[in-house]
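Visitor: I would like to go through this model by asking about its strands, its aromatic residues and its backbone. Where should we begin?

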Amino acid sequence: MGARSLRGLLLLLPLLPPRGASAGSLQSPGLSECFQVNGADYRGHQNRTGPRGTGRPCLFWDQTQQHSYSSASDPQGRWGLGAHNFCRNPDGDVQPWCYVAESEEGIYWRYCDIPTCHMPGYLGCFVDSGAPPALSGPSGTSTKLTVQVCLRFCRMKGYQLAGVEAGYACFCGSESDLARARPAPATDCDQICFGHPGQLCGGDGRLGIYEVSVGSCQGNWTAPQGVLYSPDFPDEYGPDGNCSWTLRPPGAALELTFRLFELADPRDRLELRDAASGILLRTFDGARPPPPGPLRLRTSALLLRFRSDARGQGQGFALTYRGLQDAAEDRAPPKGSAQAPGAPPDGANVSCSPQPGTPEAAMGARVFSSVTAVALLLLLLLSLLRLRRRRSCLPAQGKGPPALGPSPGPGRGWAVWYRRPRGVALPRAPGDPPAEALAPSYRPLSASSQSSLRSLISAL
(Lines give C-alpha, C1' and ligand atoms only; values in the text may rest on other atoms or scores of the structure.)
Protein backbone atom coordinates (compact mmCIF):
# COMPACT_ATOMS: atom_id res chain seq x y z
CA MET A 1 0.00 0.00 0.00
CA GLY A 2 1.33 3.41 -0.91
CA ALA A 3 1.68 6.01 1.81
CA ARG A 4 -0.90 8.44 0.48
CA SER A 5 -1.42 11.22 2.98
CA LEU A 6 -4.26 13.69 3.21
CA ARG A 7 -4.44 16.17 6.01
CA GLY A 8 -7.59 15.58 7.88
CA LEU A 9 -11.13 16.57 8.17
CA LEU A 10 -13.02 16.35 11.34
CA LEU A 11 -14.44 14.37 14.17
CA LEU A 12 -18.16 14.74 14.48
CA LEU A 13 -20.66 15.31 17.21
CA PRO A 14 -22.90 12.46 18.42
CA LEU A 15 -26.09 14.18 17.28
CA LEU A 16 -29.26 12.58 16.00
CA PRO A 17 -30.18 13.40 12.40
CA PRO A 18 -33.45 15.12 11.58
CA ARG A 19 -36.17 12.86 10.16
CA GLY A 20 -35.67 12.18 6.49
CA ALA A 21 -32.09 13.47 6.33
CA SER A 22 -29.50 11.53 4.36
CA ALA A 23 -26.87 9.60 6.28
CA GLY A 24 -24.09 11.86 5.11
CA SER A 25 -26.03 15.12 4.93
CA LEU A 26 -24.44 18.34 6.15
CA GLN A 27 -27.51 18.77 8.34
CA SER A 28 -27.01 15.42 10.09
CA PRO A 29 -23.32 15.05 10.98
CA GLY A 30 -23.95 12.71 13.90
CA LEU A 31 -23.98 9.38 12.06
CA SER A 32 -20.27 9.40 11.25
CA GLU A 33 -17.61 7.78 13.42
CA CYS A 34 -14.63 9.20 11.55
CA PHE A 35 -14.12 11.77 9.71
CA GLN A 36 -11.29 12.77 7.85
CA VAL A 37 -12.10 12.38 4.21
CA ASN A 38 -10.04 9.18 4.11
CA GLY A 39 -11.16 7.86 7.53
CA ALA A 40 -7.70 8.16 9.10
CA ASP A 41 -9.40 9.14 12.37
CA TYR A 42 -11.66 6.07 12.54
CA ARG A 43 -11.55 4.57 16.04
CA GLY A 44 -14.60 2.31 15.80
CA HIS A 45 -14.84 -1.42 16.45
CA GLN A 46 -15.54 -2.97 13.06
CA ASN A 47 -13.19 -5.96 12.75
CA ARG A 48 -14.25 -7.47 9.43
CA THR A 49 -13.84 -6.17 5.91
CA GLY A 50 -17.60 -6.08 5.42
CA PRO A 51 -20.31 -4.42 7.51
CA ARG A 52 -22.44 -6.21 10.12
CA GLY A 53 -20.17 -9.24 10.40
CA THR A 54 -19.71 -9.88 6.69
CA GLY A 55 -16.43 -10.07 4.84
CA ARG A 56 -13.15 -11.54 5.97
CA PRO A 57 -11.99 -11.27 9.60
CA CYS A 58 -9.15 -8.84 10.34
CA LEU A 59 -5.90 -9.93 11.96
CA PHE A 60 -4.84 -8.47 15.30
CA TRP A 61 -2.41 -5.58 14.95
CA ASP A 62 -0.11 -7.07 17.61
CA GLN A 63 0.28 -10.19 15.45
CA THR A 64 1.32 -8.50 12.19
CA GLN A 65 4.99 -7.81 12.88
CA GLN A 66 5.90 -9.41 9.56
CA HIS A 67 4.09 -6.53 7.79
CA SER A 68 4.80 -2.81 7.64
CA TYR A 69 2.22 -1.84 10.27
CA SER A 70 1.66 -3.38 13.70
CA SER A 71 1.15 -2.28 17.27
CA ALA A 72 4.94 -2.30 17.65
CA SER A 73 5.25 0.36 14.94
CA ASP A 74 2.70 2.58 16.78
CA PRO A 75 3.86 2.65 20.42
CA GLN A 76 2.20 6.02 21.09
CA GLY A 77 -1.14 4.92 19.65
CA ARG A 78 -1.22 7.80 17.19
CA TRP A 79 -2.64 5.55 14.46
CA GLY A 80 -4.98 3.69 16.79
CA LEU A 81 -3.15 0.34 16.52
CA GLY A 82 -2.96 -2.02 19.49
CA ALA A 83 -3.99 -5.43 20.84
CA HIS A 84 -7.16 -5.51 18.73
CA ASN A 85 -8.21 -6.25 15.14
CA PHE A 86 -10.32 -3.17 14.34
CA CYS A 87 -10.08 -1.48 10.94
CA ARG A 88 -7.66 1.45 10.84
CA ASN A 89 -5.85 3.68 8.33
CA PRO A 90 -2.30 4.10 9.64
CA ASP A 91 -0.68 5.00 6.30
CA GLY A 92 -3.06 7.71 5.10
CA ASP A 93 -4.63 5.51 2.41
CA VAL A 94 -7.96 6.43 0.86
CA GLN A 95 -10.01 4.58 3.52
CA PRO A 96 -9.59 2.28 6.57
CA TRP A 97 -8.31 -1.23 6.00
CA CYS A 98 -6.87 -4.23 7.84
CA TYR A 99 -4.59 -7.20 7.34
CA VAL A 100 -6.30 -10.52 6.57
CA ALA A 101 -5.09 -14.10 6.37
CA GLU A 102 -3.07 -14.34 3.15
CA SER A 103 -4.96 -15.96 0.30
CA GLU A 104 -3.60 -18.15 -2.45
CA GLU A 105 -3.47 -15.07 -4.67
CA GLY A 106 -1.06 -13.43 -2.20
CA ILE A 107 -3.62 -10.86 -0.94
CA TYR A 108 -2.88 -10.02 2.70
CA TRP A 109 -4.91 -6.82 3.28
CA ARG A 110 -8.30 -5.41 2.27
CA TYR A 111 -10.27 -2.18 2.59
CA CYS A 112 -13.04 -2.14 5.19
CA ASP A 113 -16.59 -1.31 4.19
CA ILE A 114 -17.67 0.90 7.11
CA PRO A 115 -21.05 2.56 6.46
CA THR A 116 -20.60 4.97 9.38
CA CYS A 117 -17.19 6.21 8.20
CA HIS A 118 -17.89 9.05 5.81
CA MET A 119 -17.46 12.81 5.92
CA PRO A 120 -20.61 14.94 6.30
CA GLY A 121 -21.76 16.00 2.87
CA TYR A 122 -20.74 12.68 1.31
CA LEU A 123 -23.99 10.83 0.70
CA GLY A 124 -22.53 7.47 -0.24
CA CYS A 125 -21.66 5.13 -3.09
CA PHE A 126 -24.37 4.39 -5.69
CA VAL A 127 -24.80 2.19 -8.74
CA ASP A 128 -24.59 3.94 -12.13
CA SER A 129 -25.80 1.64 -14.89
CA GLY A 130 -25.80 4.42 -17.45
CA ALA A 131 -29.36 3.74 -18.67
CA PRO A 132 -30.65 5.95 -17.26
CA PRO A 133 -27.68 7.64 -15.47
CA ALA A 134 -27.84 7.82 -11.70
CA LEU A 135 -27.54 11.63 -11.90
CA SER A 136 -29.47 13.13 -14.78
CA GLY A 137 -27.75 16.51 -15.05
CA PRO A 138 -24.72 17.64 -17.09
CA SER A 139 -21.45 15.71 -16.90
CA GLY A 140 -17.79 16.01 -17.86
CA THR A 141 -14.38 14.38 -17.54
CA SER A 142 -10.98 15.62 -16.44
CA THR A 143 -7.54 14.14 -16.00
CA LYS A 144 -7.13 16.48 -13.00
CA LEU A 145 -10.37 15.57 -11.30
CA THR A 146 -10.69 16.02 -7.54
CA VAL A 147 -13.78 15.97 -5.37
CA GLN A 148 -13.89 19.76 -5.21
CA VAL A 149 -13.38 20.17 -8.98
CA CYS A 150 -16.60 18.21 -9.54
CA LEU A 151 -18.43 20.03 -6.73
CA ARG A 152 -17.49 23.41 -8.18
CA PHE A 153 -18.62 22.35 -11.66
CA CYS A 154 -22.08 21.27 -10.48
CA ARG A 155 -22.41 24.26 -8.16
CA MET A 156 -21.86 26.60 -11.10
CA LYS A 157 -24.50 24.66 -13.07
CA GLY A 158 -27.02 25.21 -10.28
CA TYR A 159 -27.41 21.60 -9.14
CA GLN A 160 -27.66 20.26 -5.60
CA LEU A 161 -25.61 17.08 -5.99
CA ALA A 162 -22.30 16.12 -7.60
CA GLY A 163 -21.08 12.61 -8.35
CA VAL A 164 -17.57 11.39 -9.14
CA GLU A 165 -16.99 8.16 -11.04
CA ALA A 166 -14.04 6.04 -12.24
CA GLY A 167 -11.48 8.58 -11.02
CA TYR A 168 -12.03 11.09 -13.84
CA ALA A 169 -15.81 11.57 -14.53
CA CYS A 170 -18.18 14.09 -12.93
CA PHE A 171 -22.00 14.07 -12.98
CA CYS A 172 -24.54 16.56 -11.63
CA GLY A 173 -28.04 15.89 -10.33
CA SER A 174 -30.82 16.77 -7.90
CA GLU A 175 -32.42 15.21 -4.83
CA SER A 176 -35.06 13.54 -7.01
CA ASP A 177 -32.23 11.55 -8.66
CA LEU A 178 -31.00 10.42 -5.27
CA ALA A 179 -34.45 9.18 -4.30
CA ARG A 180 -34.37 6.53 -7.04
CA ALA A 181 -30.62 5.73 -6.91
CA ARG A 182 -29.48 2.26 -5.82
CA PRO A 183 -26.89 2.20 -2.99
CA ALA A 184 -23.70 0.18 -3.44
CA PRO A 185 -21.13 -1.02 -0.88
CA ALA A 186 -18.75 1.72 0.19
CA THR A 187 -15.76 -0.34 -0.96
CA ASP A 188 -17.07 -0.29 -4.55
CA CYS A 189 -16.11 3.40 -4.76
CA ASP A 190 -12.41 2.66 -4.62
CA GLN A 191 -10.96 4.58 -7.59
CA ILE A 192 -8.34 7.19 -6.76
CA CYS A 193 -9.02 10.66 -8.15
CA PHE A 194 -6.78 11.47 -11.10
CA GLY A 195 -6.09 14.88 -9.58
CA HIS A 196 -5.45 13.85 -5.94
CA PRO A 197 -3.89 10.58 -4.73
CA GLY A 198 -5.51 10.89 -1.30
CA GLN A 199 -9.13 11.12 -2.49
CA LEU A 200 -11.54 8.58 -3.94
CA CYS A 201 -13.60 9.44 -7.01
CA GLY A 202 -16.18 6.68 -7.28
CA GLY A 203 -15.49 3.39 -9.02
CA ASP A 204 -16.22 1.39 -12.14
CA GLY A 205 -19.94 1.97 -12.67
CA ARG A 206 -20.14 3.50 -9.20
CA LEU A 207 -20.84 7.11 -8.23
CA GLY A 208 -19.59 8.76 -5.07
CA ILE A 209 -22.21 11.46 -4.48
CA TYR A 210 -21.69 14.72 -2.53
CA GLU A 211 -23.74 17.78 -1.61
CA VAL A 212 -22.42 20.74 -3.62
CA SER A 213 -22.43 22.98 -0.53
CA VAL A 214 -19.26 21.21 0.68
CA GLY A 215 -16.43 23.73 0.31
CA SER A 216 -18.63 26.54 -1.03
CA CYS A 217 -17.45 30.15 -0.64
CA GLN A 218 -20.75 31.51 0.62
CA GLY A 219 -24.04 30.32 1.99
CA ASN A 220 -26.88 30.78 4.45
CA TRP A 221 -27.32 27.89 6.93
CA THR A 222 -30.65 27.72 8.78
CA ALA A 223 -30.81 24.05 9.88
CA PRO A 224 -30.78 23.38 13.66
CA GLN A 225 -27.34 21.78 13.29
CA GLY A 226 -24.84 21.17 10.55
CA VAL A 227 -21.29 21.37 9.23
CA LEU A 228 -19.43 24.23 7.57
CA TYR A 229 -16.23 23.78 5.56
CA SER A 230 -13.58 26.20 4.35
CA PRO A 231 -13.52 27.14 0.64
CA ASP A 232 -12.64 24.30 -1.78
CA PHE A 233 -12.73 21.66 0.94
CA PRO A 234 -11.59 18.83 0.91
CA ASP A 235 -8.99 20.41 -1.40
CA GLU A 236 -6.76 23.16 -0.01
CA TYR A 237 -8.11 26.71 -0.04
CA GLY A 238 -6.53 29.02 -2.59
CA PRO A 239 -4.87 32.46 -2.43
CA ASP A 240 -6.75 35.79 -2.33
CA GLY A 241 -9.85 34.18 -0.88
CA ASN A 242 -12.75 36.28 0.43
CA CYS A 243 -15.71 34.17 1.56
CA SER A 244 -18.57 34.59 4.01
CA TRP A 245 -21.34 32.45 5.46
CA THR A 246 -24.30 33.14 7.74
CA LEU A 247 -25.55 30.74 10.40
CA ARG A 248 -29.16 31.26 11.55
CA PRO A 249 -30.26 28.08 13.35
CA PRO A 250 -33.32 28.27 15.59
CA GLY A 251 -32.46 29.43 19.09
CA ALA A 252 -31.08 32.32 21.10
CA ALA A 253 -27.39 31.35 20.91
CA LEU A 254 -24.91 29.31 18.89
CA GLU A 255 -22.41 26.59 19.70
CA LEU A 256 -19.45 25.97 17.38
CA THR A 257 -16.92 23.13 17.55
CA PHE A 258 -13.87 23.27 15.29
CA ARG A 259 -12.91 19.80 14.08
CA LEU A 260 -10.09 20.96 11.84
CA PHE A 261 -8.22 24.26 11.68
CA GLU A 262 -5.09 24.48 9.54
CA LEU A 263 -4.41 27.95 8.14
CA ALA A 264 -1.13 28.68 6.37
CA ASP A 265 -0.06 31.86 8.23
CA PRO A 266 -1.36 34.74 10.43
CA ARG A 267 -2.53 36.68 7.36
CA ASP A 268 -5.18 34.04 6.64
CA ARG A 269 -8.00 34.91 9.02
CA LEU A 270 -11.44 33.73 10.06
CA GLU A 271 -13.67 36.35 11.71
CA LEU A 272 -16.84 35.66 13.71
CA ARG A 273 -19.26 38.61 13.83
CA ASP A 274 -22.75 39.23 15.07
CA ALA A 275 -24.78 39.19 11.85
CA ALA A 276 -27.17 41.93 13.01
CA SER A 277 -24.74 44.50 14.40
CA GLY A 278 -21.47 43.49 12.71
CA ILE A 279 -19.69 43.48 16.09
CA LEU A 280 -16.53 41.37 16.03
CA LEU A 281 -16.83 38.46 18.47
CA ARG A 282 -13.73 36.35 17.72
CA THR A 283 -10.81 36.29 15.31
CA PHE A 284 -8.68 33.24 14.50
CA ASP A 285 -5.72 32.86 12.16
CA GLY A 286 -2.73 30.67 11.45
CA ALA A 287 -1.00 31.81 14.65
CA ARG A 288 -4.11 31.97 16.87
CA PRO A 289 -6.26 28.85 16.41
CA PRO A 290 -9.65 28.48 18.08
CA PRO A 291 -9.82 26.92 21.55
CA PRO A 292 -10.51 23.20 21.85
CA GLY A 293 -14.02 22.14 22.71
CA PRO A 294 -17.34 23.90 22.17
CA LEU A 295 -17.40 27.67 21.67
CA ARG A 296 -20.68 29.27 22.73
CA LEU A 297 -21.70 32.67 21.38
CA ARG A 298 -24.58 34.84 22.58
CA THR A 299 -26.01 35.59 19.17
CA SER A 300 -28.85 34.08 17.18
CA ALA A 301 -27.25 34.90 13.82
CA LEU A 302 -23.52 34.58 13.14
CA LEU A 303 -21.54 35.92 10.19
CA LEU A 304 -18.31 34.07 9.39
CA ARG A 305 -15.81 35.76 7.08
CA PHE A 306 -12.66 34.09 5.78
CA ARG A 307 -9.81 35.84 3.97
CA SER A 308 -6.54 34.45 2.63
CA ASP A 309 -3.59 36.46 1.33
CA ALA A 310 -1.82 36.19 -2.02
CA ARG A 311 0.32 33.31 -0.79
CA GLY A 312 -2.28 31.57 1.36
CA GLN A 313 -2.87 27.89 0.69
CA GLY A 314 -3.74 25.33 3.35
CA GLN A 315 -6.13 22.56 4.35
CA GLY A 316 -8.53 25.08 5.91
CA PHE A 317 -11.15 24.38 8.55
CA ALA A 318 -14.24 22.34 9.28
CA LEU A 319 -16.67 23.07 12.08
CA THR A 320 -19.94 21.74 13.40
CA TYR A 321 -22.61 24.08 14.74
CA ARG A 322 -25.93 23.87 16.52
CA GLY A 323 -28.49 26.36 17.80
CA LEU A 324 -29.14 26.70 21.54
CA GLN A 325 -32.59 27.64 22.84
CA ASP A 326 -31.02 29.40 25.82
CA ALA A 327 -27.69 31.25 25.88
CA ALA A 328 -26.82 29.45 29.13
CA GLU A 329 -27.75 25.98 27.81
CA ASP A 330 -25.27 23.22 28.69
CA ARG A 331 -22.98 25.71 30.40
CA ALA A 332 -22.82 23.90 33.76
CA PRO A 333 -19.92 21.41 33.83
CA PRO A 334 -20.52 17.86 35.04
CA LYS A 335 -20.30 17.34 38.78
CA GLY A 336 -16.70 17.00 39.88
CA SER A 337 -15.25 18.39 36.67
CA ALA A 338 -13.35 21.61 36.08
CA GLN A 339 -14.20 24.12 33.40
CA ALA A 340 -11.73 26.67 32.05
CA PRO A 341 -13.03 30.25 31.73
CA GLY A 342 -13.87 31.35 28.22
CA ALA A 343 -11.52 33.70 26.39
CA PRO A 344 -12.73 37.32 26.06
CA PRO A 345 -13.30 38.85 22.62
CA ASP A 346 -10.32 40.49 20.96
CA GLY A 347 -9.68 43.92 22.38
CA ALA A 348 -11.81 43.36 25.50
CA ASN A 349 -10.49 44.71 28.81
CA VAL A 350 -9.89 41.97 31.33
CA SER A 351 -9.91 42.64 35.07
CA CYS A 352 -8.59 40.18 37.62
CA SER A 353 -10.28 41.99 40.56
CA PRO A 354 -13.45 40.44 42.01
CA GLN A 355 -16.60 42.48 41.53
CA PRO A 356 -18.35 43.92 44.62
CA GLY A 357 -21.04 41.68 46.03
CA THR A 358 -19.59 38.51 44.57
CA PRO A 359 -18.57 35.54 46.81
CA GLU A 360 -14.95 36.18 45.84
CA ALA A 361 -15.17 39.78 47.11
CA ALA A 362 -16.75 38.74 50.45
CA MET A 363 -14.10 36.10 51.00
CA GLY A 364 -11.39 38.67 50.26
CA ALA A 365 -12.79 41.07 52.88
CA ARG A 366 -12.86 38.35 55.55
CA VAL A 367 -9.27 37.35 54.82
CA PHE A 368 -8.11 40.99 54.99
CA SER A 369 -9.82 41.52 58.39
CA SER A 370 -8.26 38.36 59.82
CA VAL A 371 -4.77 39.29 58.67
CA THR A 372 -5.13 42.81 60.10
CA ALA A 373 -6.23 41.49 63.52
CA VAL A 374 -3.32 39.05 63.70
CA ALA A 375 -0.85 41.80 62.77
CA LEU A 376 -2.16 44.14 65.50
CA LEU A 377 -1.93 41.36 68.07
CA LEU A 378 1.67 40.63 67.11
CA LEU A 379 2.57 44.34 67.38
CA LEU A 380 1.04 44.50 70.86
CA LEU A 381 2.98 41.46 72.05
CA LEU A 382 6.25 42.86 70.67
CA SER A 383 5.64 46.18 72.47
CA LEU A 384 5.04 44.42 75.80
CA LEU A 385 8.21 42.39 75.40
CA ARG A 386 10.27 45.50 74.65
CA LEU A 387 8.86 47.30 77.71
CA ARG A 388 9.68 44.37 79.95
CA ARG A 389 13.23 44.18 78.67
CA ARG A 390 13.72 47.94 79.37
CA ARG A 391 12.81 47.69 83.09
CA SER A 392 15.89 48.60 85.19
CA CYS A 393 14.64 47.50 88.62
CA LEU A 394 13.91 44.06 89.88
CA PRO A 395 11.35 44.18 92.68
CA ALA A 396 11.97 42.12 95.80
CA GLN A 397 9.60 39.22 96.21
CA GLY A 398 6.33 40.37 97.75
CA LYS A 399 7.15 44.09 97.34
CA GLY A 400 6.53 46.86 94.86
CA PRO A 401 9.35 48.48 92.90
CA PRO A 402 11.80 50.15 95.26
CA ALA A 403 12.31 53.92 94.97
CA LEU A 404 15.77 55.30 94.38
CA GLY A 405 16.65 58.21 96.63
CA PRO A 406 17.34 59.02 100.25
CA SER A 407 15.35 57.11 102.76
CA PRO A 408 12.52 59.08 104.38
CA GLY A 409 13.44 57.59 107.76
CA PRO A 410 16.34 58.96 109.89
CA GLY A 411 19.54 57.07 109.98
CA ARG A 412 18.66 54.88 107.02
CA GLY A 413 21.35 53.80 104.57
CA TRP A 414 21.47 52.05 101.24
CA ALA A 415 22.25 48.49 100.19
CA VAL A 416 23.10 48.28 96.48
CA TRP A 417 22.83 45.09 94.46
CA TYR A 418 23.71 44.87 90.80
CA ARG A 419 23.45 42.70 87.73
CA ARG A 420 25.27 43.89 84.66
CA PRO A 421 24.33 46.17 83.01
CA ARG A 422 21.66 47.24 85.54
CA GLY A 423 21.41 47.46 89.34
CA VAL A 424 18.94 48.08 92.18
CA ALA A 425 19.39 50.10 95.38
CA LEU A 426 17.38 49.29 98.49
CA PRO A 427 17.21 51.50 101.63
CA ARG A 428 18.50 49.75 104.75
CA ALA A 429 18.85 51.07 108.26
CA PRO A 430 22.13 50.50 110.10
CA GLY A 431 22.08 47.13 111.83
CA ASP A 432 19.41 45.67 109.45
CA PRO A 433 20.26 42.26 108.03
CA PRO A 434 21.36 42.21 104.37
CA ALA A 435 18.61 41.90 101.74
CA GLU A 436 18.37 38.33 100.59
CA ALA A 437 15.08 38.36 98.68
CA LEU A 438 16.54 39.36 95.35
CA ALA A 439 17.12 36.94 92.52
CA PRO A 440 20.32 34.92 92.77
CA SER A 441 21.64 36.66 89.66
CA TYR A 442 22.07 39.94 91.62
CA ARG A 443 25.26 40.36 93.64
CA PRO A 444 26.02 42.90 96.44
CA LEU A 445 28.71 45.52 95.90
CA SER A 446 31.92 45.22 97.82
CA ALA A 447 32.14 47.02 101.17
CA SER A 448 34.35 49.83 99.79
CA SER A 449 32.05 50.36 96.79
CA GLN A 450 29.05 50.39 99.08
CA SER A 451 30.63 53.08 101.25
CA SER A 452 31.55 55.25 98.27
CA LEU A 453 28.12 54.96 96.73
CA ARG A 454 26.40 55.81 100.02
CA SER A 455 28.47 58.96 100.31
CA LEU A 456 27.53 59.92 96.75
CA ILE A 457 23.80 59.35 97.27
CA SER A 458 23.82 61.22 100.60
CA ALA A 459 25.25 64.25 98.82
CA LEU A 460 22.28 64.37 96.38
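Guide: Two strands pair if DSSP finds at least two bridges between them. This is a predicted model, and the pairing of its strands is a place to start.

Visitor: In what order do the four strands of the open sheet lie?

Guide: The sheet is open, and the pairing in it is antiparallel. From one strand to the next, the twist averages 25°. The order of the four strands is E11-E18-E13-E16.

Visitor: Why is one side of strand E11 and of strand E16 left without a neighbour in the sheet?

Guide: E11 covers 225–229 and E16 covers 295–297. Each has a single partner strand, so one side of each is left without a neighbour, and both stand at the edges.

Visitor: Which residue in E18 is the bridge partner of Leu256?

Guide: Strand E13 spans residues 253–262 and strand E18 spans residues 316–324. They run antiparallel and are joined by nine bridges. Opposite Leu256, the bridge partner in E18 is Tyr321.

Visitor: Which residues are the bridge partners of Arg273 in E15 and in E17?

Guide: Strand E14 (residues 269–274) is joined to strand E15 (residues 280–285) by five bridges, and the two run antiparallel. E14 also pairs with strand E17 (residues 302–307), in the antiparallel sense and over six bridges. For Arg273, the partner in E15 is Leu280, and the partner in E17 is Leu303.

Visitor: Which residue takes a positive phi in the hairpin of E14 and E15?

Guide: This hairpin has five residues between the strands. The phi in question is near 80°, and the residue that takes it is Gly278.

Visitor: Is the aromatic pair of Trp97 and Tyr99 edge-to-face or stacked?

Guide: The structure holds 17 aromatic pairs. For Trp97 and Tyr99, the rings are 5.0 Å apart centre to centre, with 85° between the planes. Planes over 60 degrees apart count as edge-to-face, so the pair of Trp97 and Tyr99 is edge-to-face.

Visitor: Are Phe258 and Phe261 buried or exposed?

Guide: Phe258 and Phe261 form an edge-to-face pair, 5.8 Å centre to centre and 85° between the planes. Both of these residues are buried.

Visitor: Which residues form one aromatic cluster with Trp97 and Tyr99?

Guide: Trp97 and Tyr99 are both buried. The cluster that holds them also includes Trp61, Tyr69, Trp79, Tyr108, Trp109 and Tyr111.

Visitor: Which residues does Ser139 touch, not counting those up to four places away in sequence?

Guide: Ser139 lies in strand E4 (residues 139–141). Its relative accessible area is 44%, so it counts as partly exposed. On the terms you set, Ser139 touches Phe153, Cys170 and Phe171.

Visitor: What is omega for the cis peptide bonds that lead to Pro132 and Pro234?

Guide: Pro132 is in the loop between strand E3 (122–127) and E4, and Pro234 is in the loop between E11 and strand E12 (242–247). The bond joining Ala131 and Pro132 has omega of about -5°. For the bond from Phe233 to Pro234, omega is near 10°.

Visitor: What are the phi values of Ala166 and Asp240?

Guide: Ala166 is found in the loop between strand E5 (161–165) and strand E6 (169–173), and at 22% relative accessibility Ala166 counts as partly exposed. Asp240 sits in the loop between E11 and E12, and at 57% Asp240 counts as exposed. Neither is a glycine: phi is near 60° for Ala166 and about 55° for Asp240.

Definitions and conventions. Residues numbered from 1 in each chain as written. Predicted model: local features only at pLDDT ≥ 70, side-chain atom pairs only at ≥ 80, totals over all residues. Heavy atoms only, no water. Axes fitted to C-alpha atoms, helices over the stretch in contact; angles between N-to-C directions. Phe/Tyr/Trp six-rings, centres within 6.5 Å; stacked < 30°, edge-to-face > 60°. Buried < 20%, exposed > 50% of the residue type's maximum accessible area, 1.4 Å probe, protein only. Contact = heavy atoms within 4.5 Å.
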